[in-house]
Each structure stands twice: as structure tokens, then as C-alpha cells.
Amino acid sequence: MAGVAGGNDFQWCFSQVKGAIDEDVAEADIISTVEFNYSGELLATGDKGGRVVIFQHEQESKNRPHLRGEYNVYSTFQSHEPEFDYLKSLEIEEKINKIRWLPQQNAAHFLLSTNDKTIKLWKISERDKRAEGYNLKDEDGRLRDPFRITSLRVPVLMPMGLMVEASPRRIFANAHTYHINSISVNSDHETYLSADDLRINLWHLEITDRSFNIVDIKPANMEELTEVITAAECHPHQCNVFVYSSSKGTIRLCDMRAAALCDRHSKFFEEPEDPSSRSFFSEIISSISDVKFSHSGRYMMTRDYLSVKVWDLNMENRPVETYQVHEYLRSKLCSLYENDCIFDKFECCWNGSDSAIMTGSYNNFFRMFDRNTRRDITLEASRESSKPRATLKPRKVSTGGKRKKDEISVDSLDFNKKILHTAWHPKDNVIAVAATNNLYIFQDKIN
């Protein structure tokens, strides 16, 4: 995995792009979450229109062994519909906030998807046979007259064209007063967490009518509210441990063995602030938008507005690694505050071996950091470089007056184009990047 950040070992190249080229993008088509399943064979996206699209990895072709198989549409279904809360006179958007896969136990696949209020468990299954030869029904499904049935038939299974069905198996509703920002499947594969701005609930996958409230930071008087929960995740191996991050830039690690209500954390991670760099924007940009455990469970990564930090779970007072994502925006915070971009919630992800991390930026740029070599690279998701197997050129942003020919000036960055959602294949060097309504898939260039 060395050389992820554009070293000599390999380069990243374009593989596929999904989505329409339209200039004016429909709001409903904007991708709002991207997630590989545990094997990496399936890749799911959710959008603001409440749809889930699942792509399946095709097998590599025999005559072109150097090409990795492509991801093609496997199933598309409407997961959530817009709703109306009559008690509060509020519209509930259908936008999919998060998708989380469950580990595969049998031939079917299961995933959880959530909008602001309701979590659904979906079963994705294949059917390639159908029963024929019913006694009470004709072949076209109409009921037969019982008096005309003179003999009994044994129904048989006949082959048919492959059908992929998505069926909702459970609906977990009415447990969140505020907007759900995270769901996370526990390592026991029986329970999962859901978090909103002020509370975290623990659910059993089989039980829909009740959940356990395990964190509640709502003050008795809402005027005293100083922070909100921004993300929560279960530990990958210890089913009693989870973390949640806050808008104040802190992370709390909780142990469910200590108490049923985890309002008292076991560990508290916070980096002391440098008083000399304090400004009006300090609190806003220190808010953590995403937290992710490493696959090993030893580290966790947090993303705030300008940086990504890697924390060792055994060291609470400061991160062990800090990577600047777009430090050149520090001088632009005023205009980013005025156009609301400063509140954008960027996600981050680990590669399969925890040796590299990835997160998004503006102008359809995304950043990768190699933890071993400390090298980093800026790449762009754009249709200009979308020829098959085209190597991605590293992009550079210039902040000074003079700009080299392959650099882009910080003043000409497009803040409407932002990479908020990225995913890294759990085993291979394949990444998925959501750019507005398009899904880009890149892979390392195998010579």
C-alpha cells in the first residue's frame, strides 16, 4: 500500500463514472452517502430523492485480465418517501443520510438506510426461479373454479430471468426527536446505534418498537445548549465500546459495560487550542463532521473543517497525526461563512490496511494521505480526465500571486463542487467518490 499518495509504486487512474452530465442538476439526484459492503463486491449510494442504487462488481473478463471488473447497477429502489409531521407541522425530507451494510450471513444482502427520522432494514435478494403448476390458480394468476379442478398437480420450479428484489424487512421509527446523523452496526451483528443532535439510541435488529437511549446530552433548559452530537460509531471489534463526536471538536469514548446510560464517558479526546490562533471562526471550524475507527480498532480518525486527525485510543490529550486538507482556505473563512460552505460536513475513510486515509475538498478535489511516508496528494473527480485507464494528475492550489502553469488559484476554486462523501474498498485499491450527482470510481493503475 506504500505510495498511495502518488509515489512511484502506482498511480490512481480513472475507472468509471455513473450519472447524467446535465448542467442543471436536479436536487433529488445529488448523492448523499456512499458505502461499500464488507467484501467490497457491492457499492451502495443514497441520494436526496430517497433512492438507493446498488452497484455490483462484475467478474474480470478472461481476454482482458489486466482490467479490474467494473461496477454495474445491480438494484435500484425507493428507500424513503417525503413525509409530514402533523404534530410539529414539519416536512421530513426523503434524503438518505447514511447507509450501513450488515455482514453477509446467507445468499441475501441486508443494509440499513436512514433519513432524518426513520431507519429501514432492507433485504436484497436474487430470484431466478418461479413456481409453475398451481392447483387453485391459472398460469396468469387468476383463481380457478374449484368445481372444475379434477386432478391435483405438484407445482414445479422453473428457471426464469434473474430478478433482484429489495424488500423492507424492518422499519425503526419514532425514536428520534432531532435529525439522525449517524447509524453504525455493532460488531455483535445484532445491535446498532443511531445518533441525532442530542441523543444516541441502541437498537436490536429484530425489535422495531423500542430502543434504549444510551446517551442524552439534552439540557433541562434548551437555552443552555452549548454543543450537539455530530457523529457516532461502534468499535469494529469490541461490541461494548462506541465513540461520538461533538460540534465543540471533542470526542467521547463510552463503554456500555460501565453503565446503561453512557452520559459519563470513559475517555475524552480533545486537542488543546492554541490561544494565538483563536478567531471568530475557531469554534465553527473545530466542529467534527465525521469520526471513523480504523479497521484494527487501535486508532480513530476525525474530520473537522480544515484537517483530518488520527487519534490513538490510548492517548486522549492530542492526536498522533494531523493532516491539513485545505489550509489555503483559512484566509477565506469570511466568505465561506457568508455562503454557508463553512458548515459543510466532509466525511473521511480509511483504506483496507489503515495505512492511508482519504477525505474530500472543494472544486471536486479529494485528498489522500499516506500514513507511512507522510506524503499526500490532491486529485480531482472530473469528466475531463474520464478516459478509461487515464492516470489522474495531481492537482495543486496556489495561494501566492504567481502561479505555476499546472496550478489552480485559490480564488478560482468552485465551492459549489464539493466532495463530501467518499468510500474505500475494504480490500483493494478501489475508491468511490461522490461529486454532486455523479459517482466516480478510481483504481490503482496495475501495469
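User: Before we start, what makes two strands count as paired here?

Analyst: Strands themselves are DSSP runs (E, at least two residues; helices are H or I, at least four), numbered from the N terminus. Two of them pair if DSSP finds, between them, at least two bridges. Bear in mind that this is a predicted model, where local features need pLDDT of at least 70, side-chain atom pairs count only at pLDDT 80 or more, and totals for chains, interfaces and linings use all residues. Residues are numbered from 1 along each chain as its sequence is written, and side-chain values use heavy atoms, leaving out hydrogens and water. So the pairing criterion is at least two bridges.

User: In what order do the strands of the open sheet with β12 run?

Analyst: This sheet has four strands, and their pairing is antiparallel. Because β12 (180-185) and β15 (212-216) each have a single partner strand, they sit at the edges, with one side lacking a neighbour in the sheet. The twist from one strand to the next averages 20 degrees, with axes being lines fitted to C-alpha atoms (for helices, over the stretch in contact) and angles running from 0 to 180 degrees between N-to-C directions. The order is β12-β13-β14-β15.

User: Which residue in β14 does Leu193 stand opposite?

Analyst: Look at β13 (residues 191-196) and β14 (residues 199-204), which pair in the antiparallel sense over five bridges. Opposite Leu193, in β14, you'll find Leu202.

User: And over in β9, what is the bridge partner of Trp101?

Analyst: That's the open sheet β8-β9-β10-β11, also antiparallel. β8 and β9 (residues 109-114) pair over four bridges. Trp101's bridge partner in β9 is Leu111.
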